[in-house]
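I opened a notebook page for this structure today. My plan is to look up a few residues, then the strands and the cores.

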Amino acid sequence: MLDSNLAVDESKLEYMARMPMGRDLLMNLVQKNHELIVSDIEDRFGIKEMLSDQSKDNMFLASFLYYFGVLTLAGDTPDLKVRLKVPNLVIKSLYVDRIQKMLLPDPGDRDEGANAAEQVYQKGDMAPLCAFMENKYFKVFHNRDYRWANELTIKTAFLTLLYNDILYIMDSEAEINRRYADLTMIIRPDKRYGRIFDILIEFKFVRLKDAGISAEKARDLSGDELAKLPEIVSRMQEGEKQVYTYGKELEQRYGNLRLQKFVVVALGFERVCFKKIVKNF
């Protein structure tokens, strides 16, 4: 289904990405079951206004995506506001692709990121992807983004590189025994003959302020020094326990998985460290 007929939908998302609030909206919409709630849907879109007015609010952006089929109705809230969501996985893949192009405009960088992501599910090696995030991806985030930065921000950045719905059943915030794993990539039944791994990743985010360190000092830390920061150690241990539990339950649910488990901890938008979980608790 991902053919030239969808080019018009991609152009709508490209227009959205240029809006002041558009980038955050697109990044939020790729999250599991994320819905956009607005008081009403606008029904007029003048070409002159669309080309000249860069101060569109959330209602305009949501209405624009709805009328062009990139969002769909999901019912009403109890207070009768309108709920909108991404209609299907095909359109979701366009959202992911647009975010990647928005944050990594250079095709060479996108290719480098894709190659690093392949190392995760082909070799179980997270190091190249984390290095790419530090050296390339985080450079596009500005200081103002720290205000809204959290684990979802980091997860979305990784998701745009790891997303592969041809090989995998992709699930962001997969429900596992009434709890939620950050990202699971389960090989599709018709692709299990391939030499690739199932993937489970838990993401953690440590603010520079909470770690008591400046961005400059964070960039100067060695890998060992980074991993020994108390806040990093604490979040890593927390993630390890979650990954072990989620991994055990995924094995019980699917059986015969080639599961690679990771905890990824970001320190602001400066550094990333990870741990591959192989031990039991």
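Entry 1, a residue in the last strand. I looked up isoleucine 277 and found it in strand β8, residues 271–277. Strands here are DSSP runs of E with at least two residues, helices are runs of H or I with at least four residues, and both are numbered from the N terminus. The model is a predicted one: local features need pLDDT of at least 70, side-chain atom pairs count only at pLDDT 80 or more, and totals for chains, interfaces and linings use all residues. Residues are numbered from 1 along each chain as its sequence is written, and side-chain values use heavy atoms, with hydrogens and water left out.

Is isoleucine 277 buried or exposed? Isoleucine 277 counts as buried because its relative accessible area is 4%. The cut-offs are under 20% for buried, over 50% for exposed and partly exposed in between, with a 1.4 Å probe and protein chains only. I then listed what isoleucine 277 touches: Glu240, Val243, Lys261 and Val263, leaving out residues up to four places away in sequence. Contact means heavy atoms within 4.5 Å. I also checked lysine 241, which is 36 residues from isoleucine 277 along the chain; their C-alpha atoms are separated by 9.5 Å.

Entry 2, whole protein. I noted 12 helices and 8 strands. The protein has 281 residues, and buried ones make up 48% of them. Of the contacts with a separation of 6 or more, 65% are between residues 24 or more positions apart. The exposed area is about 14500 Å², and carbon and sulfur atoms supply 49% of it. I used the Shrake-Rupley method with a 1.4 Å probe for areas; for residues, only the protein chains shown count as cover.

Entry 3, strands β6 and β7. Strand β6 spans residues 198–206, and 9 of its 9 residues are buried. I sorted its side chains by direction. Asp198, Leu200, Glu202, Lys204 and Val206 point one way, while Ile199, Ile201, Phe203 and Phe205 point the other way. β6 pairs with β7 in the parallel sense over 9 bridges. Pairing requires at least two DSSP bridges between two strands. Phenylalanine 205 has alanine 266 of β7 as its bridge partner.

Next I looked at glutamine 260, found in β7, residues 259–267. Glutamine 260 is buried, since its relative accessible area is 13%. Its contacts beyond four places in sequence are Gly124, Phe197, Asp198, Ile199, Leu200 and Lys276.

Entry 4, a loop asparagine. Asparagine 164 sits in the loop between α8 (151–162) and β4 (168–176). At a relative accessible area of 16%, asparagine 164 is buried. What does its side chain meet in tyrosine 121? The two side chains share a polar contact of 3.4 Å. A polar atom of the asparagine 164 side chain also lies 3.1 Å from the backbone nitrogen of leucine 167. Beyond four places in sequence, asparagine 164 touches Tyr121 and Met170.

Entry 5, cores. The largest nonpolar core holds 60 residues, and Tyr95, Met126, Tyr137, Phe158, Leu162 and Ile201 have the most contacts inside it. Helix α5, residues 89–103, gives this core its largest share, 7 residues. Another core lies apart from it, with 23 residues, among them Ala181, Ala218, Tyr246 and Ile277. A nonpolar core is a set of buried Ala, Val, Leu, Ile, Met, Phe, Trp, Tyr and Cys residues joined through side-chain atoms within 4.5 Å.

Note on methods
A polar contact is a pair of N or O atoms within 3.5 Å; within protein, one must be able to donate a hydrogen and the other to accept it, and residues adjacent in sequence count only if both atoms are side-chain atoms.
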